[in-house]
Amino acid sequence: MRYISTRGQAPALNFEDVLLAGLASDGGLYVPENLPRFTVEEIASWADLPYYELAFRVMRPFVAGCIEDADFKAILKDTYGVFEHSAVAPLRQLDGNEWVMELFHGPTLAFKDFALQLLGRLLDHFLTKRNERVVIMGATSGDTGSAAIEGCRRCENVDIFILHPHQRVSEVQRRQMTSALSDNIHNIAIEGNFDDCQEMVKASFADQSFLKGTRLVAVNSINWARIMAQIVYYFHAAIQLGGPQRSIAFSVPTGNFGDIFAGYLARNMGLPINQLIVATNRNDILHRFMSGNRYNKDELHPTLSPSMDIMVSSNFERLLFDMHGRDGAKVAELMDSFRATGEMSVAEERWTETRKLFDSLAVDDEQTCATIAQVYQETGELLDPHTAIGVHAARECRRSLATPMVTLGTAHPVKFPEAVQKAVPSASPVLPAHMADLFGREERCTVLANDLAAVQDFVSQHGNRGKPL
Ligand SMILES: *Cc1c(COP(=O)(O)O)cnc(C)c1O
């Protein structure tokens, strides 16, 4: 399988190089040159497979030529074996034909584990083969950092540096990151905000001389391998609910458009998905596009669902590429004009075509809490605020009661106690048994000033399993 850039200029790469590349050299994002397509009979034959076997069948074409079948299957078995629920992604019924797919049974209790547990293992596989070490740098406001750290903690060939804003992440999120004590894990608390952290990571990718030749790798949501891993659970849900002979709809709590883009790909690979709902919080640039063909930058609004607090949606470019018949020059033109003016629209007929599959809703904090309370009353289930946004949008935007509606349950409620307690004062979500000792675990973290030189010096002094590069 080869991968091409959404802006049409960068060289095509194979899977291994895409995994290590991050952004394409022309500023675009990598997508598969040709999407595999499965027949109804083929998908139906997967009905009784365990999750990792299903994952193997769905993802195999994407890694073809880069990794042996037996190695890939062993990696997948190991990856999904660490999930606490034996079904890996269990479905919980809320109402007639309405479900939540629980994607929070991984090590850090959010769906990002599905991709980052795999990413860490794939990196280690390829780097061992190449006899190469890399440094990962990332900025986090919470979920991504802990999932990336957990994904890399056993990697022999990776040192990971995660920057978070000092005293501005929740205690559960901080402890999930700082209690990972391997000598290749480096937590840096920056005396600044999330944007300061992100700017320092960006600047480090732009000028990597402080790394003395060591390769810098990105694990943010534009990494193709993350999207790939997320395609699998759409197949998993559909097969559980009578697919592929029966159609299905999904509602997806959305920020950077990575998770829902995976659903879009699943559909193009042969899964009969007839509706995808983009559920956003007040940071609703995607809802503005889907409802009014206007993709325009607004300021950031902090909400009770912080993992969806974004101003622009980095994976949206991948959909734009398909919307325009995979014309990279056209995408480059649109993105240039977006950068210059802060807004863009697409031709009316392309937007109308897109809307045949996608609906959207923006859900504010008040509605989020009301949904948590309502679902708790109806079913006794406590939803996290991101999932609640998905459930609210599912109920508002649903096209057909006869089609199973699945909301992606993106995080465990214990990660976001503020919203949950606001909604249901009597409830206090508890940590799952395997994390019950989280508040007693030793923590390790370095606090640094909001100063790029200090951060880069720290990385170069510790980037080789805690020793200097
Ligand atoms: C990252 C995240 C999202 C948003 O996912 P995208 O792929 O960025 O759209 C939603 N919910 C939770 C809990 C997350 O951590």
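The following dialogue works through the features of one predicted protein model.

Student: Which conventions apply to the model and its values?

Tutor: Residues are numbered from 1 along each chain as its sequence is written. The model is predicted, with local features needing pLDDT of at least 70, side-chain atom pairs counting only at pLDDT 80 or more, and totals for chains, interfaces and linings using all residues, while side-chain values use heavy atoms and leave out hydrogens and water.

Student: How many helices and strands are there in the protein chain?

Tutor: Helices (H or I, at least four residues) and strands (E, at least two) are DSSP runs, numbered from the N terminus. The protein chain has 18 helices and 16 strands. Its radius of gyration is 21 Å, close to the 23 Å given by the globule rule for 469 residues, so the chain is as compact as a globular protein of that length. That radius is taken over C-alpha atoms, and the rule is 2.2 Å times the number of residues to the power 0.38. Along the principal axes, the C-alpha atoms fill a box of roughly 60 × 55 × 50 Å.

Student: What do burial and contacts add to this picture?

Tutor: Buried means under 20% relative accessible area, exposed over 50%, and partly exposed in between (1.4 Å probe, protein chains only). Of the 469 residues in the protein chain, 59% are buried. A contact means heavy atoms within 4.5 Å. Among the contacts with a separation of 6 or more, 75% are between residues 24 or more positions apart.

Student: How should the surface and the charges be read?

Tutor: Accessible areas come from the Shrake-Rupley method with a 1.4 Å probe, and for residues only the protein chains shown count as cover. The accessible surface of the protein chain comes to about 18100 Å², and 47% of it belongs to carbon and sulfur atoms. For charges, Lys and Arg count as positive and Asp and Glu as negative, without His or the chain ends; the place of a charge is NZ of Lys, CZ of Arg, CG of Asp or CD of Glu. The 44 positive and 58 negative charges have mean positions 3 Å apart.

Student: Which residues do the UniProt domain annotations cover?

Tutor: UniProt positions are given in the numbering used here, feature names are shortened, and annotations may be inferred rather than shown by experiment. The unreviewed UniProt entry places "domain: Threonine synthase N-terminal" at residues 2–80. Over residues 2–80 the chain is 47% helix and 11% strand, with the end C-alpha atoms 26 Å apart. The annotation "domain: Tryptophan synthase beta chain-like PALP", also from an unreviewed entry, covers residues 93–348. There the chain is 43% helix and 19% strand, and the end C-alpha atoms are 38 Å apart.

Student: Is Lys 112 buried or exposed?

Tutor: Lys 112 counts as buried because its relative accessibility is 11%. The residue lies in helix α5 (residues 112–130). Not counting residues up to four places away in sequence, Lys 112 touches Asp 143, Thr 144, Ala 147 and Arg 226. The unreviewed UniProt entry annotates Lys 112 as "modified residue: N6-(pyridoxal phosphate)lysine".

Student: How does one read a helix whose residues are partly covered by other elements?

Tutor: An α-helix has 3.6 residues a turn, so residues three or four places apart point the same way. In helix α18 (residues 452–462), the buried residues are Val 455, Gln 456, Phe 458, Val 459 and Ser 460. Their cover includes β6 (134–139), β7 (158–165), β8 (185–190), α8 (194–206) and β16 (446–448).

Student: What lies in the loop between β16 and α18?

Tutor: Asp 451 is placed in that loop, and at 35% relative accessibility Asp 451 counts as partly exposed. Asp 451 and Gly 192 are 259 residues apart in sequence, yet 9.4 Å apart in space, C-alpha to C-alpha.

Student: Where does the backbone show a positive phi or a cis peptide bond?

Tutor: Most residues other than glycine have a negative phi, and most peptide bonds are trans. Asn 97, not a glycine, has a positive phi of about 60°. Asn 97 lies in the loop between β4 (91–95) and β5 (98–102) and counts as buried at 18% relative accessibility. Arg 465 also has a positive phi, of about 50°; Arg 465 lies in the segment after α18 and counts as partly exposed at 24% relative accessibility. The peptide bond from Gly 243 to Pro 244 is cis, with omega near 0°, and Pro 244 is in the loop between α9 (224–240) and β10 (248–253).
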